[in-house]
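Open the model in your viewer and keep the selection tool at hand. The stops below say what to select next and what is there.

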Amino acid sequence: MNCRSITLLFAAIVSMITVTDLAARNVKIDTDNSSIIINAENGKKLSHLYYGSKISETDAANITQALGKGNLAYPDYGMITLPETAIAMIQPDGNMTLDLVVDNVSSRKENGANITTFTLKDTYYPIIVTVNYRTWQGENVMETWTEIKNNGKKNVTLTRFASGHLPIRGGDVWLTHFYGNAKNEARMESSPLEHGLKVIKNRSGVRNSRYAHSEVLLSLDGKPAEDKGRVIGAALEYNGNYKVKIDTDQSNNHYFFSGINEEDSQYILTPGETFITPPLALAWSSNGTGEISRNFHKWARKHKLANGERERKILLNSWEGVYFKVNEKEMANMMKNIADMGGELFVMDDGWFGTKYPRNNGSAGLGDWVVDTKKLPNGINGLIKEAKKNGIDFGIWIEPEMTNTKSELYEKHPEYIIKPANREPVTGRGNTQLVLDLANPKVQDIVYTVVDTLLTKYPEIDYIKWDANMDILNHGSQYLTKDNQSHLYIEYEKGLRKVLDRIRSKYPDVTIQACSAGGGRVNYGFLPWFDEYWVSDNTDALQRIYLQWGISQFFPAIGMSSHISASPNHQTHRIIPIKYRTDVAMSGRLGMEIQPDNMTDKEKEQTKKAIDEYKSIRPIVQFGDLYRLLSPYDDKGVASLMYVNDSKDKAVFYWWKTRTFANDMLPRVLMAGLDPDKNYTIRELNRIDIKPLSFEGKTYSGKFLMENGLEIPQNHKVAKQNETDWSSRVLLLEVNN
Ligand code: DGJ
């Protein structure tokens, strides 16, 4: 180790109380509430000693190996063959081993975060690997990633390249993860970890949260609870295929890995090239899963999500209102309606483009981003004019990474699509959809130009709904060389990021929604370029409670697009009154997804009132701390959550009945997150009852509300003819000085 690196090491090492030689090299990496301790001894393996609540320097210095031999910070394959490993590669001479040892430790500050870098080098081959930890102090999130450099003169082949690894001591450790399908995304599943390998992975190439999520919770003290127990939250920040693995071995210990899915993606690293793995974000809580969510939400708003500190507008999206039947009259009508109800933005969804191949259904037109003047004789400008007339903003739907066999783009450039050589492409939606090959820089230009042209031609466009409705269904790039075909998924993701970077550097202020046949793109990897995420194409208010519950574990409400839709609902056919639909939609980023012409005057009136009330609570919902109070998964007949603002003088409480049984014994919900010493006055929002609630306008201490709660009546007191089997409440709590 040279002098400079020794100095940096001393700066990075908080724990320099010399107890033993070994302890002196325990590097302590902290956030306000957590520490990771890594043992970095020159010439030895890098070892992970601790991840947990923040510890003292003496404790950090004195920690010794936590799990015996199995505590490598970044396990390498070859000289250790039996356990699961984080990295593996084939050397030019066919040698399949790596033997990485510590060479250097350094630290630096970057964009408000501290970065500690451990440099490892192979004992024989010219391979350098850095293991990095970035800490966000106040938000209590750490990110870890690696950079793998080939310093040799010949290619090496990377066959495994996880972003991060954590050894976790055996005990009663539970895993919570999210699985699902279109219209039923982000279902939560929690179970104790059992012996063997648990793998959660994605192979879509395009939409990586449709069937499973890369975010997981590891609860170390048994069944997960919102407000107690030690929990690790881990979210891979990646837009492509991922793999999360937990190996529970014969000694009951757990070995957690997360990173790019290496299957069918071996990567040839050329001389001098560095492969950078996507960051894995980690958060620690000693107080249950709720704190993990709040930390991730804060961190997302402050450092990840595009425009995370700007309020979101209330919008009407045209999809469920007219589907592909876009036309000028209908768009104008919808704009007038949303403006009349107090909305701020109208978004024209799919169906507006294509001339030779008009987009009348899902089987034609993608790639031909030219207005269909049969449907819109006055073009986009006509619509923008109409939006202005109504005093609202205008947004538009695109799916720029895709084309159809029935499109002018494909006719001219069949070489731009993803398909294997010597075979016909496998098609997706409408039996004609194809994915463009973003590995190809020319295709990257095309995708960039779609957005750039729209936004330069129509600078008034305020919002883009960016959709992606297909997976990579066949493996093959017409651009990559025959030796690099296994780079397809990785290069697609890189290409997409390049395009998004170009778009965002020119258009930082446009709101962009990540949509992917519903919630197929809800991952921290997408957040830096997107302002919000479409959670699901299922807009049924009851099922949305479950969907949004899952999403809320890692993703903040400000980005959670949540729309009031028709009744009967188009996906489940359930009949739900407007009050309940509104009360659910108001717990996220409120919007509408409906044909307003099919709403009754009374429904419109109620929605108008709800939009107005939402405006008053918008800062609390979009920037407040989330406290989940009663989970719909607990099946107690009620689900409930609340948001509390930073100064704890305003909160919004949501209560939704999730089933209807006569004389059901519904639990009384205890509030959380309030200041016990402050007094809160209660006001019901979206009220439909003839008589106010018994506690309307009354004041209660935070202590009482958190230790006792309010008795919410099971049903609404409304005129006989308006009675339904649905019941929900939204309460505003305010401290009056
Ligand atoms: C899938 C999206 O999830 C929907 O909201 C809608 O935009 C359609 N695509 C349009 O084709």
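**Stop 1: helix α11**

Select the buried residues of α11: I578, K579, Y580, R581, T582, D583, V584 and A585. They are 8 of the 8 residues in this helix (residues 578-585), so α11 is largely enclosed by the rest of the structure. Now step back to P568, in the loop between β28 (560-565) and α11. The peptide bond from S567 to P568 is cis, and its omega is near 0 degrees.

**Stop 2: the whole chain**

Zoom out. This is a predicted model. The secondary structure of the protein consists of 13 helices and 35 strands. With a radius of gyration of 27 Å, close to the 27 Å that the globule rule gives for 737 residues, the protein is as compact as a globular protein of that length. Along the principal axes, the C-alpha trace spans about 80 × 70 × 40 Å.

Colour by burial next: 62% of the 737 residues are buried. If you draw a contact map, count the contacts with a separation of 6 or more; 69% of them join residues 24 or more positions apart. A surface view shows about 27800 Å² of accessible area, of which carbon and sulfur atoms hold 50%. For charges, there are 89 positive and 91 negative side chains, with the centres of the two sets 1 Å apart.

**Stop 3: the nonpolar cores**

In soluble globular proteins, nonpolar side chains tend to be buried together. Which members of the largest nonpolar core touch the most other members? Select M348, W352, F394 and W466, which do so within a core of 129 residues. Centre on F394 and look beyond four places away in sequence: its contacts include M335, L345, F346, M348 and I380, and also E460, I461, D462 and Y463. A second, separate core has 57 residues, among them L98, Y238, V244 and F275.

**Stop 4: three buried residues**

Go to T607 in helix α12 (residues 601-623). Its relative accessibility is 0%, so T607 counts as buried. Leaving out residues up to four places away in sequence, T607 touches M341, I564, I578, M592 and M599. One of these, I578, was already selected among the buried residues of α11.

Then pick Q513 in strand β26 (residues 511-514). Q513 is buried because its relative accessibility is 1%, under the 20% cut-off. Beyond four places away in sequence, the neighbours touching Q513 include Y463, W466, F530, W534 and R589. Draw a distance from Q513 to W529, 16 residues apart along the chain: the C-alpha atoms are separated by 9.1 Å.

Finish this stop at V141, in strand β8 (residues 141-150). V141 has a relative accessible area of 0% and is buried. Among the residues it touches beyond four places in sequence are T31, W136, A281, N295 and W299. L46, by contrast, is 95 residues from V141 in sequence, and the C-alpha atoms are 22 Å apart.

**Stop 5: two loops with positive phi**

Select K183 in the loop between β10 (174-181) and β11 (184-192). K183 is not a glycine, yet its phi is positive, about 70 degrees. Is K183 buried or partly exposed? At 41% relative accessibility, K183 counts as partly exposed.

The last selection is N307, found in the loop between α3 (289-304) and β20 (315-317). N307 is also a residue other than glycine with a positive phi, near 50 degrees. Its relative accessibility of 22% makes N307 partly exposed.

Methods
Residues numbered from 1 in each chain as written. Heavy atoms only, no water. Helix = DSSP H or I, 4+ residues; strand = E, 2+ residues; numbered from the N terminus. Rg over C-alpha atoms; globule rule 2.2 N^0.38 Å. Buried < 20%, exposed > 50% of the residue type's maximum accessible area, 1.4 Å probe, protein only. Contact = heavy atoms within 4.5 Å. Areas by Shrake-Rupley, 256 points an atom, 1.4 Å probe, with all protein chains shown as cover. Lys, Arg positive; Asp, Glu negative; His and termini not counted. Charge placed at Lys NZ, Arg CZ, Asp CG, Glu CD. Core = buried A, V, L, I, M, F, W, Y, C linked by side-chain atoms within 4.5 Å.
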